[in-house]
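User: I want to go through some labels on this structure and see what backs each one. Keep the answers short.

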Amino acid sequence: QVVMEAFIGRHIGSHDTGEDYDLEAEIEFWYRAGYDYIHIEPRYFFPKRSGRRPTPDEQTGWIETWKDFEEYPWPTLAEVDFSSLERAPELLPDGMGIIAGTSGIFEEVWMILGFTNMCLLLHDQPDLVEAVFMRVGSFLLEVFRKAAAYPRVGAMWISDDIAYTSGPMIHPKYYRSWLFPWYRKMKAICDSHKIPFLLHSDGCLYSLMDDLLSIGFNGLHPIEPKAMDIRQVKECYGDRICLIGNVDLDYPLARGTPQEVEEAVRELIRIAAPGGGFCLGSSNTITSYVPLEN
């Protein structure tokens, strides 16, 4: 938001909270920055121990017992704010579309449970963890379904970090049983609208690539530089999935010079662009401390 506002010299506000938010100003940023889309997600909230702070409590969560599960204030579809998706089609310049989507199923699950608590429950009460996956997945599927149907939505996106730089955050068997089936249902929705389905996940995904390809993802972001070698990913999978991102947020974007950014971008295009199937971008969200000139 800080960088976007500096780029256009105009206040945008927070879309995530809706506080003082100016949709027209954000559309202006994406258009002037050269994009042919704006990224819009519906607004909803899963309560966590940390409240609305962006970093949840990684130790303990809201749900630790079946009683907690029954008493948890689960969000409903009627509470979801789709207003930006409703307004945007009338405001977009010709040739621009929308990439909509939802937050991550796995991310919401562990934030509700607390990561350490979730890991303990995977051993002690896996049925409770499975139940949370079911509630979160079923809710987000309906949000996803409704978002995909709005005019000028040209692709759908799910942002769900499922890996560290060393590999999956939990054993892949849990993803295959409780997470990937939801992805497949989301893919079916995208297919019904004839639009691409995109995944964001940081970390090393090599051991999960066959699963992700079988689900049918059309694009993968960000090919995190310290976790995956984009040369290898391009060689092994570049004919089956579009690669997105990979310009390192830390260096050169945050700590390099504009010349170093240019050099990194040219080299990345040389490596990943031949044959198509590459969308150049950053290796994560452009943070407030990235110099505007970069």
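User: Why are α6 and α7 called oblique to each other?

Analyst: This is a predicted model. In it, the axes of α6 (residues 115-124) and α7 (residues 126-148) cross at roughly 120 degrees. Roughly perpendicular covers 65 to 115 degrees, and roughly antiparallel starts over 145. The crossing angle falls in neither class, so α6 and α7 are oblique. Their axes come within 6 Å.

User: What makes the contact between α6 and α7, and which classes of residue does it have?

Analyst: On the α6 side are Met118, Leu121, Leu122, His123 and Asp124. They meet Pro126, Leu128 and Val129 of α7. By class, that contact has six nonpolar residues, one polar and one charged. Asp counts as charged and His as polar.

User: Why does the pair α5 and α6 get another label, roughly perpendicular?

Analyst: The axes of α5 (residues 105-113) and α6 cross at roughly 95 degrees. The window for roughly perpendicular is 65 to 115 degrees. The angle lies inside that window, so the label is roughly perpendicular. Here too the axes come within 6 Å.

User: Which residues make that contact, and how do they divide by class?

Analyst: α5 supplies Phe106, Val109, Trp110 and Leu113. α6 supplies Phe115, Asn117, Met118 and Leu121. They divide into seven nonpolar, one polar and no charged. Met118 and Leu121 also belong to the contact of α6 with α7.

User: How do you know whether Trp157 is buried or exposed?

Analyst: Compare its relative accessible area with the cut-off. The value for Trp157 is 15%, and buried means under 20%. Trp157 is therefore buried. Trp157 sits in strand β3 (residues 153-159).

User: What does Trp157 touch beyond its sequence neighbours?

Analyst: Leaving out residues up to four places away in sequence, Trp157 touches His39, Glu41, Ile99, Ala100, Gly101, Thr102, Phe144, Leu198, His200 and His221. One of them, Phe144, falls within the residue range of α7.

User: How far is Trp157 from Lys48, in sequence and in space?

Analyst: They are 109 residues apart in sequence. C-alpha to C-alpha, the separation is 23 Å.

User: What makes up the lining of the second largest pocket?

Analyst: The lining has 15 residues. Nearest the pocket centre lie Asn246, Ala264, Glu267, Leu268 and Ile271. Elements giving two or more residues are α10 (230-237), β8 (242-247), α11 (249-254) and α12 (258-272). α12 gives the most, with five residues. By class, the lining has nine nonpolar, one polar and five charged residues. About 260 Å³ of space lies in this pocket.

Notes
Residues are numbered from 1 along each chain as its sequence is written. This is a predicted model: local features need pLDDT of at least 70, side-chain atom pairs count only at pLDDT 80 or more; totals for chains, interfaces and linings use all residues. Side-chain values use heavy atoms; hydrogens and water are left out. Axes are lines fitted to C-alpha atoms, for helices over the stretch in contact, and angles run from 0 to 180 degrees between N-to-C directions. Helices (H or I, at least four residues) and strands (E, at least two) are DSSP runs, numbered from the N terminus. Angles under 35 degrees count as roughly parallel, over 145 as roughly antiparallel, 65 to 115 as roughly perpendicular and the rest as oblique. Contact means heavy atoms within 4.5 Å. Buried means under 20% relative accessible area, exposed over 50%, partly exposed in between (1.4 Å probe, protein chains only). On a 1 Å grid over the protein atoms alone, a cavity is a set of points where a 1.4 Å probe fits but cannot get out, and a pocket is an open set with protein on both sides within 12 Å along at least five of seven lines; lining residues have an atom within 4 Å of a point. Grid points are joined across faces, edges and corners, and a volume is the space filled by probe spheres set on the points.
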